[in-house]
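Good morning, colleagues. Please take a moment to look at the sequence and the structure before I begin.

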Amino acid sequence: MIQSLAETTHSSFIPYGESHSGERDMIDWARVAELRDEIGPEDFSEVLELFLSEVENAIDLLEGATGNPIVTEEQMHFLKGASLNLGFADLAALCQRGERAAAQGDAGAIPPGGVRETFEASKLAFEKDFPVRFAA
């Protein structure tokens with residue numbers, strides 16, 4: 001999958017908010033296109049691979065820190081920033097809510113399972129739509 005991302009171009013780009021199925025997208029495709037244009041297709045694949053790995057690790061840390069508002073806030077902040085950078089808009093919004101709640105002492109407002117579920121759904125949407133949106 002990662003190799004195919006590097007080999008495609010963005011000539012048939014469809015922006016965030018629009019989808020082939022008529023549903024609202026979980027991914028900010030304009031951000032994906034912008035980042036891909038900035039760093040190039042090959043480096044984009046490497047950044048994507050790193051992002052997926054780091055998000056998995058951060059969610060693992062989040063799951064291990066259940067009830068700890070400091071660790072929860074830190075991991076939610078990291079996940080929000082990483083997700084915004086790569087265009088995972090729904091995940092970023094969820095993590096922003098979790099970060100704010102944890103900053104106020106409510107570490108359980110957004111359960112880690114919900115973060116993982118949103119990440120997995122976003123990753124699936126990304127993998128499904130990227131080749132279509134950035135087809136040559």
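How many residues does helix H6 have, and how far does it reach from its first C-alpha to its last? I should say at the outset that this is a predicted model. Helix H6 runs over residues 112-133, so to speak our main subject today, and it has 22 residues. From first C-alpha to last, H6 reaches 30 Å, close to the 32 Å expected at 1.5 Å a residue. H6 also has a kink of about 25° at Glu127, shortly before the proline Pro131.

Let me turn to the buried side of the story. Among the buried residues of H6 are Val115, Arg116, Phe119, Ser122, Lys123 and Phe126. Two of these, Val115 and Phe126, also appear with Val32, Phe51 and Leu79 as the residues that touch the most other members of the largest nonpolar core, a set of 27 residues. Helices H2, H3, H4, H5 and H6 each supply at least two residues of this core, and H3 gives the most, with eight. In general, nonpolar side chains tend to be buried together in soluble globular proteins.

What is Val115 in contact with, leaving aside its neighbours within four places in sequence? The partners are Ile59, Leu62, Met76, Leu79, Leu91, Leu94, Cys95 and Ile110. Phe119, also in H6, counts as buried because its relative accessible area is 0%, under the 20% limit. With sequence neighbours within four places again left aside, Phe119 is in contact with Phe51, Leu52, Val55, Glu56, Ile59 and Leu91. Phe119 and Leu52 are 67 residues apart along the chain, and their C-alpha atoms are separated by 9.2 Å.

I come now to the charged residues. Which side chain meets that of Arg116 in a salt bridge at 2.9 Å, N to O? That partner is Glu56. Arg116 lies in H6 and Glu56 in H3, so this pair ties together parts that are 60 residues apart in sequence. Arg116 forms a salt bridge with Asp60 as well, with the closest N and O atoms 2.7 Å apart. Asp60 too lies in H3, so the pair joins parts 56 residues apart in sequence. Glu56 is partly exposed at 22% relative accessibility, and Asp60 is partly exposed at 40%.

Within H6, Lys123 forms a salt bridge with Glu120, the closest N and O atoms being 3.5 Å apart. These two residues are three apart, about one turn of the helix. To conclude, Glu56, Asp60, Glu63, Arg116, Glu120 and Lys123 are linked in a network of salt bridges.

Definitions and conventions
Residues are numbered from 1 along each chain as its sequence is written. This is a predicted model: local features need pLDDT of at least 70, side-chain atom pairs count only at pLDDT 80 or more; totals for chains, interfaces and linings use all residues. Side-chain values use heavy atoms; hydrogens and water are left out. Helices (H or I, at least four residues) and strands (E, at least two) are DSSP runs, numbered from the N terminus. The expected span of a helix is 1.5 Å times one less than its number of residues. The bend at a residue is the angle between axes fitted to the seven residues ending there and the seven starting there. Buried means under 20% relative accessible area, exposed over 50%, partly exposed in between (1.4 Å probe, protein chains only). A nonpolar core is a set of buried Ala, Val, Leu, Ile, Met, Phe, Trp, Tyr and Cys residues joined through side-chain atoms within 4.5 Å. Contact means heavy atoms within 4.5 Å. A salt bridge is a side-chain nitrogen of Lys or Arg within 4 Å of a carboxyl oxygen of Asp or Glu.
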